[in-house]
Amino acid sequence: MADHDDEAPATGSAVAKSEPQKISAGTAVIPAEPFENPGEPPHRLRVTDKDPVEEKKAARQVSTLFFASVIFSCLAVAAYIVFPIRPGDTGSIRLNNLFLGLGIALGLLAIGVGAVHWSKTLMPVQEITEMRHLTRGTDATRAKAAEVFELGNKESGFGRRSLIRNSLFGALAAFILPGIVIFRDLGPKTDPNVTLRHTLWKKGMHLTLDPSGTRIKASDVTLGSAFHVIPEALLDSDDLLEEKAKAAVLLMRLKPEDLHEPAGREDWQYNGIVAYSKICTHVGCPVALYEQQTHHLLCPCHQSTFDVTENCKVIFGPASRPLPQLPIMVDDEGYLVAQSDFHEPVGPSFWERDR
């Protein structure tokens, strides 16, 4: 056997070799020693941390910003009163929006700047690293969180710095005043129950065409016709749109025998000419569609339908009561005039009704 030690192995022979393992260029290699954690940067003390005088100065600055917010909020309220919006005057709208907006914006800005200045100069700034954990911690963790909140209160000085705390409360309380004043001013000056029960119509007032204001003669109203009508005094009203929303009327002429007026209303029409409120009793849309053949009035908003021959009673749709009728008559010159105002509230049936 010794004679063959130097011979080369034959082809196919099993040979065990120890060679270094080749590693692919894309294989991840984990080093034996990880990178060293650099840690947090060194903490730098602020001027307020070193000098008690600067700390008091910063506290006064924060309080001053909060008090300034109170002043700006009050100025916003004053501007809303001093610069009222006058109907038809676009300049008054610009002035009101300008000074009201400036007061509210500066009030909110002062609170924001004061809060930021407070956090940057007086609250603790130690850097910490918090490890991620489950959304809900254990009871011990939750108790620790409450302790941290209590500690934060002590460190921020919120409970201790009464001047800052009270000025902040004052700024937040004053900041809502402009909103309260603005929204309160949206309410009506007078009792809406009284306002909605009456329109511009009164005894002897002429019926006129909308929008020209031309008086209407009874002879001009032909069978099957429909006129959009307003009271003659409307064009001289200071609140034209508001009054028109209550006093608008539809005028129609039918054959007298087609009308079935209830007892007591026989003289509310003139030779088949009737006038009814144009304001739908559902949600107040204008009832402007008249079907000449069926004598039906149709509201385009929700399809409430009223029968003119039956005192405009509801025959279809969500409206709950008939359109109010305007009593009319003819003056000495043949013009149509009102006998009185409507005998019931016009428009939607809601809280202004007695029942």
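In which helix is the place of Leu 109? Leu 109 belongs to helix H3, residues 90–121.

The model is predicted: local features need pLDDT of at least 70, side-chain atom pairs count only at pLDDT 80 or more, and totals for chains, interfaces and linings use all residues. Residues are numbered from 1 along each chain as its sequence is written, and side-chain values use heavy atoms, leaving out hydrogens and water.

The protein chain has 8 helices and 10 strands; these are DSSP runs numbered from the N terminus, helices (H or I) of at least four residues and strands (E) of at least two. Of its 355 residues, 32% are buried, meaning under 20% relative accessible area with a 1.4 Å probe, protein chains only.

UniProt, in an unreviewed entry, places the feature "transmembrane region" at residues 65–86, 98–118 and 163–183. Such annotations may be inferred rather than shown by experiment. Two of these spans are described below.

| Residues | Helix | Strand | Distance between end C-alpha atoms |
|---|---|---|---|
| 65–86 | 82% | 0% | 34 Å |
| 163–183 | 95% | 0% | 31 Å |

Leu 109 is also part of a nonpolar surface patch with Leu 95, Leu 98, Phe 99, Leu 102, Leu 106 and Val 113. Together they have about 560 Å² of accessible area, by the Shrake-Rupley method with a 1.4 Å probe. Patch residues have over 30% relative accessible area and no salt bridge, and nonpolar side chains are joined within 5 Å. A salt bridge is a side-chain nitrogen of Lys or Arg within 4 Å of a carboxyl oxygen of Asp or Glu.

In helix H8, residues 240–247, Glu 243, Lys 246 and Ala 247 are buried. Seen down the axis of H8, its buried residues fall within an arc of 85 degrees, so they line one face of the helix; the arc is that of the directions from the helix axis to the C-beta atoms.

Terms used. Buried < 20%, exposed > 50% of the residue type's maximum accessible area, 1.4 Å probe, protein only. Patch = residues over 30% accessible without salt bridge, like charges linked within 9 Å, V, L, I, M, F, W, Y side chains within 5 Å.
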